[in-house]
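Dear colleague,

I am passing on the structure we talked about, and I would be grateful if you could look it over alongside the notes that follow.

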Amino acid sequence: MIIAVAGKGGTGKTLVSALLIHFISKKNSKLLAVDADPDSNLPEALGVKVEKTLGAVRELFQVSRDEMGTMNKEQWLEGKIYEVVCECDGYDLLVMGRPEGEGCYCFANSLLRGILKKLMRHYDYIVVDSEAGLEHFSRKTIDSADYVIIVTDSSKKGLTTAKRIKELMAELKINVKDVFLVANKVNREAMEKIKKFADDENLKILEFLPYDEEVVKIDVEGLPVTALSENSEVYKRVKKIVDFFLEVVA
Ligand SMILES: Nc1ncnc2c1ncn2[C@@H]1O[C@H](COP(=O)(O)OP(=O)(O)OP(=O)(O)O)[C@@H](O)[C@H]1O
Ligand SMILES: [Mg+2]
């Protein structure tokens, strides 16, 4: 099962992804966490340090063409991927990172797409923390996702991005099994507005997450999500999302 977490910038994608990974990692299954944001911060949210990123493989790829010899590119690349996948406690982590130097991220994006397809068969679950906005959809980086979770706050911009993602997926015929909305940092008043939006757009709301002082605290102190207590509302509710995916959806 591949779950991609998307949405407008700053809505809480990384927080939600990190908590999903935290809870799924306790379920004794093979899990791959993917940080697909070039401005990577999923490792920090998980409290792990990553030495290598996919961005660096791009350089290796260019330097090492001769060294590939008779091996085809695909095989060569697959070997290299495993040098980048970092083994963490209960899951593996792949960080896309940023290609060195100038230029766009197309190459890294298309690498990621091919790599996800290759890695899929080795894992039970893959959770992808995406870059803000529409990039990964327009480039079809995550076209193999089974479920997309769009994280939004109560802002008009957050909801507009959610709507655009849904429309773009339809336009590009990215066929996922389902698209869900997670509304984050919302109060009661905003809940009504978001419910109406979800109804109008035919989106299912997976969970409402309140503004959580515990989240602010760990953020200020630079601590990972594992530092959240079991009393944290966000912690409890993302746990419910994981139970839903593992028990209801699977
Ligand atoms: N429920 C919440 N309560 C309080 N603060 C929150 C909550 N959710 C997220 N935050 C804070 O909002 C900020 C953005 O969260 P996060 O980094 O998870 O968003 P993002 O969507 O991944 O952002 P980006 O688009 O930059 O990758 C962080 O400082 C985070 O601690
Ligand atoms: Mg993020």
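In this predicted model, a polar side-chain atom of K185 is found 2.9 Å from an oxygen atom of ligand 1, and T14 likewise places a polar side-chain atom 2.7 Å from an oxygen atom of the ligand. G10 takes part through its backbone, where a polar atom is 2.9 Å from an oxygen atom of ligand 1. Of the 630 Å² of accessible area that ligand 1 has on its own, the protein covers 80%.

As for the surroundings of ligand 1, the shell consists of 19 residues, and the closest of these are K13, T14, N184, D212 and D219. Sorted by class, the shell is made up of seven nonpolar, six polar and six charged residues. Two helices, α1 (residues 13-24) and α9 (residues 213-221), each contribute at least two residues to this shell.

You may also want to examine the space itself, since ligand 1 takes up the largest pocket. That pocket holds about 630 Å³ of space, and its lining counts 24 residues, with G12, T14, L15, V215 and D219 lying nearest the centre. The elements that give two or more residues to this lining are α1, α2 (residues 42-46) and α9, and α9 provides the largest share, namely four residues. By class, the lining of the largest pocket comprises 10 nonpolar, eight polar and six charged residues.

When you open the model, T14 may be a convenient place to begin, as this residue is listed among the closest to ligand 1 and also among those nearest the centre of the largest pocket; D219 appears in both of those lists as well.

With best wishes

Definitions and conventions: Residues numbered from 1 in each chain as written. Chains lettered and ligands numbered in written order. Predicted model: local features only at pLDDT ≥ 70, side-chain atom pairs only at ≥ 80, totals over all residues. Heavy atoms only, no water. Near = heavy atom within 4 Å. Polar contact = N/O pair within 3.5 Å; in protein donor to acceptor, adjacent residues only side chain to side chain. Areas by Shrake-Rupley, 256 points an atom, 1.4 Å probe, with all protein chains shown as cover. 1 Å grid on protein atoms, 1.4 Å probe; cavity = no way out; pocket = protein on both sides within 12 Å on 5 of 7 lines; lining within 4 Å. Sits in = over half its atoms within 2 Å of the grid points. Nonpolar A, V, L, I, M, F, W, Y, C, P; charged D, E, K, R; others polar. Points joined across faces, edges and corners; volume = space filled by probe spheres on them.
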